[in-house]
Amino acid sequence: VSGLIVAMDGPSGSGKSSASRGVARALGLRYLDTGAMYRALTWWMLQLEVDLGDPAAIAARAGEPMLEMNTDPDFPGVTLDGTRVDGPIRYPEVTRAVSAVSAVPEVRRRLVALQRELIEAALKEGGIVVEGRDIGTVVAPQAPVKVYLTASEEARATRRSAELAGTTVAAQRVELARRDTLDSTRKADPLAMAADAVELDTTALTLDEVVAEVLRLVKERA
Ligand code: C5P
């Protein structure tokens with residue numbers, strides 16, 4: 001198969017989504033937001049009032065809703081059992097609960113398999129930019145271009161609070177730190193930088209500069 005995979009990992013608020021979409025558009029590739037998939041299952045479990053303190057209860061329902069992803073970078077979308085859930089998956093209660101759901105191995109097994117299918121399909125159309133926490137390490141370790149985005153805590157919290165109404169930078173700082181600790185200390189596929197990833201600190205960069213740097217890496221490595 002000829003086609004390019006660009007793996008974009010990093011903690012919350014490091015600028016992965018905007019940069020990944022920008023790179024996909026610039027190169028005419030598909031785009032996959034794997035965080036949206038974990039968020040969608042989390043939203044669905046909150047609707048069902050699954051006890052998110054109980055990993056076995058989460059695992060028992062992990063296979064249920066039909067999950068479809070639109071990988072067009074201009075219209076990315078998540079559909080659960082036929083209903084678009086792009087708005088609800090960004091609700092604060094989903095953001096607070098997602099790390100508990102994403103830590104459950106049965107959830108990861110299902111979503112990683114789905115992610116690999118979507119990547120396979122996209123490779124036939126030129127390739128895909130995939131963003132997440134474990135893309136370079138677990139989902140697509142064969143990706144020739146792996147970027148690990150970081151930014152200072154202050155910058156990440158400032159970006160998040162600009163995106164969300166009714167929150168403060170200080171509150172976002174606490175929330176991001178909590179989620180990063182959970183995501184990087186879990187047993188199953190923790191947030192980690194692949195040995196062959198290039199670390200890109202976006203603290204002092206504009207979105208256009210981040211995209212340009214990734215495009216430069218693509219030229220160099222792919
Ligand atoms: O990227 P985003 O902040 O939307 O991701 C939401 C959550 O989904 C993360 O905090 C993490 O718990 C989980 N996630 C994951 N593996 C990925 C992508 C996201 O565990 N590849």
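I take exposed to mean over 50% relative accessible area, and buried to mean under 20%. With that cut-off in hand I looked up K219: its relative accessibility is 74%, so K219 counts as exposed. The model is a predicted one.

**Entry 1: K219 and helix α9**

I placed K219 in helix α9, residues 207-221. I then checked its separation from V145. The two are 74 residues apart in sequence, and their C-alpha atoms are 9.5 Å apart in space.

**Entry 2: R25 and helix α1**

I found R25 in helix α1, which covers residues 16-27. Its relative accessible area is 44%, so R25 is partly exposed. Which residues does R25 contact, leaving aside neighbours within four places in sequence? I noted P73 and D74. With D74 there is a polar contact: the side chains of R25 and D74 are joined at 2.5 Å. I also took the C-alpha to C-alpha distance from R25 to V139, which is 22 Å for a sequence separation of 114 residues.

**Entry 3: the ligand**

I listed the surroundings of the ligand and got 15 residues, with R39, S102, R108, D134 and D183 as the closest. I then went through polar atom pairs with side chains.

- For S102, a side-chain N or O atom is 2.7 Å from an oxygen atom of the ligand.
- For R108, the distance from a side-chain N or O atom to a ligand oxygen is 2.8 Å.
- For T34, a side-chain N or O atom lies 3.0 Å from a nitrogen atom of the ligand.

**Entry 4: T34 and Q115**

I followed T34 further. T34 sits in helix α2, and with a relative accessible area of 2% it is buried. Burial here is computed on the protein chains only. Not counting residues up to four places away in sequence, T34 touches Q115, V130, E131, G132 and I135.

I went on to Q115, one of those contacts. Q115 belongs to helix α5, residues 105-123. Is Q115 buried or exposed? Its relative accessible area is 0%, so Q115 is buried. Outside four places in sequence, Q115 touches L32, T34, M37, Y38 and V139.

**Entry 5: the largest pocket**

I looked up the largest pocket and read a volume of about 1,000 Å³. How many residues line the largest pocket? The count is 46, and S17, D33, R90, E131 and R160 lie nearest the centre. I sorted the lining by class and got 14 nonpolar, 16 polar and 16 charged residues. E131, on the list nearest the centre, is also among the contacts of T34.

**Entry 6: the second largest pocket**

The second largest pocket has about 210 Å³ of volume. I listed its lining as R90, P92, T95, R96, L164, A165, T167, A171, Q172 and E175. Which elements give two or more residues to that lining? They are α4 (92-102) and α8 (169-185). By class I have four nonpolar, three polar and three charged residues in the lining of the second largest pocket. R90 lines this pocket and is also listed nearest the centre of the largest pocket.

**Entry 7: helix α7**

I checked burial in helix α7, residues 153-163, and found A155, R156, A157, R160 and S161 buried. An α-helix has 3.6 residues a turn, so residues three or four places apart point the same way. What do the buried residues of α7 pack against? They pack against α2 (34-47) and α8. I met R160 before, among the residues nearest the centre of the largest pocket.

**Entry 8: positive phi**

Most residues other than glycine have a negative phi. I therefore noted two residues that depart from this, citing the general rule once more: a negative value is what most residues other than glycine have.

E49 is not a glycine, yet its phi is positive at about 60°. I located E49 in the loop between α2 and α3 (55-61). Its relative accessibility is 70%, so E49 counts as exposed.

D81 has a positive phi too, near 45°, and is likewise a residue other than glycine. D81 is in the loop between β4 (77-80) and β5 (83-84). At 47% relative accessibility, D81 counts as partly exposed, because exposed requires over 50%.

Key:
Residues numbered from 1 in each chain as written. Predicted model: local features only at pLDDT ≥ 70, side-chain atom pairs only at ≥ 80, totals over all residues. Heavy atoms only, no water. 1 Å grid on protein atoms, 1.4 Å probe; cavity = no way out; pocket = protein on both sides within 12 Å on 5 of 7 lines; lining within 4 Å. Points joined across faces, edges and corners; volume = space filled by probe spheres on them. Nonpolar A, V, L, I, M, F, W, Y, C, P; charged D, E, K, R; others polar. Helix = DSSP H or I, 4+ residues; strand = E, 2+ residues; numbered from the N terminus. Buried < 20%, exposed > 50% of the residue type's maximum accessible area, 1.4 Å probe, protein only. Contact = heavy atoms within 4.5 Å. Near = heavy atom within 4 Å. Polar contact = N/O pair within 3.5 Å; in protein donor to acceptor, adjacent residues only side chain to side chain.
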